[in-house]
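Got your viewer open? Let's take a short walk, one selection at a time.

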Amino acid sequence: MTLKPSTSANNPLASNGLIRALIVLAATASIFLVLWFLGESQADPYIRATMGLEGSEETGKQLFRMNCAGCHGIDAQGLVGPALQNVSLHNSDSDLINQIVSGKTPPMPSFEMEPQAMADLLAHLHSLN
Ligand code: HEC
């Protein structure tokens with residue numbers, strides 16, 4: 001009896017190994033994705049501190065007029081920056097905080113403020129709905 005040499009093309013084990021490697025790769029990638037997501041949304045102590053505070057709409061309105069109205073309009077109707085009416089309906093609070101502190105979308109600058117001031121500003125943004 002002669003044995004045929006096996007090549008990887010007709011060896012089912014070789015393609016099994018490839019599939020297994022792809023599954024391991026996909027699993028690793030999704031673990032990193034979940035860790036990244038958790039890190040972004042929960043581990044930020046500034047966001048957590050802000051969320052734990054009660055904001056004052058009135059103080060928030062004054063902060064808005066001083067810092068934001070130049071670009072977003074005195075009534076948030078939009079100017080250089082987009083209108084912010086209903087902005088809290090399509091953004092989570094942590095999205096809004098990131099937008100305000102990150103400076104990732106020039107010309108909007110990055111703002112630094114105490115968590116209490118941020119909570120006040122958020123209360124004002126919520127009142128624009
Ligand atoms: C120098 C002008 C400028 C100032 C000052 C400014 N912004 Fe903006 N803002 C922008 C621009 C421009 C965008 C659009 C950025 C983009 O998406 O490319 C924006 C986007 C935003 C968004 C996202 C809107 C959306 O529909 O998702 C929010 C929220 C926001 N600004 C809030 C604020 C707040 C609150 C302040 C004050 C603390 C502020 N901005 C000050 C120019 C400004």
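Before we start, a word on labels: helices are DSSP runs of at least four residues (H or I), numbered from the N terminus. A loop named by two helices, such as the one between α4 and α5 that holds A76, takes its name from those numbers. Also keep in mind that what you see is a predicted model.

**Stop 1: the ligand.** Select the ligand and show what is around it. You should find 19 surrounding residues, with C68, C71, H72, P82 and M108 the closest. The space the ligand takes up is the largest pocket. Two elements give two or more residues each to this shell: α4 (69-72) and α5 (93-102). Of these, α5 gives the most, with 3 residues. Now try coloring the shell by class: there are 12 nonpolar and 7 polar residues, but no charged ones.

**Stop 2: the iron.** Zoom in on the iron atom of the ligand. Which residues coordinate the iron atom? They are H72, through NE2, and M108, through SD, at 2.0 to 2.1 Å. Follow the chain from one to the other: H72 is in helix α4, while M108 is in the loop between α5 and α6 (115-127), 36 residues apart. Counting 6 donor atoms, the angles run from 86 to 179°, and the site is octahedral. For comparison, ideal octahedral angles are 90 or 180 degrees.

**Stop 3: polar contacts.** Stay with H72 and look at its side chain: an N or O atom there is 2.8 Å from a nitrogen atom of the ligand. Then pick N91, where a polar side-chain atom lies 3.4 Å from an oxygen atom of the ligand.

**Stop 4: two backbone oddities.** Most residues other than glycine have a negative phi, and most peptide bonds are trans. Now select A76, in the loop between α4 and α5: its phi is positive, about 60°, though A76 is not a glycine. Finally, go to P107, in the loop between α5 and α6. The bond joining P106 and P107 is a cis peptide bond, with omega about 10°.

Terms used: Residues numbered from 1 in each chain as written. Predicted model: local features only at pLDDT ≥ 70, side-chain atom pairs only at ≥ 80, totals over all residues. Heavy atoms only, no water. Near = heavy atom within 4 Å. Polar contact = N/O pair within 3.5 Å; in protein donor to acceptor, adjacent residues only side chain to side chain. 1 Å grid on protein atoms, 1.4 Å probe; cavity = no way out; pocket = protein on both sides within 12 Å on 5 of 7 lines; lining within 4 Å. Sits in = over half its atoms within 2 Å of the grid points. Nonpolar A, V, L, I, M, F, W, Y, C, P; charged D, E, K, R; others polar. Donors = N, O, S within 2.8 Å, 3.2 Å for Na, K, Ca; no water. Tetrahedral: all angles 85-135°; square planar, octahedral: opposite > 155°, others 65-115°.
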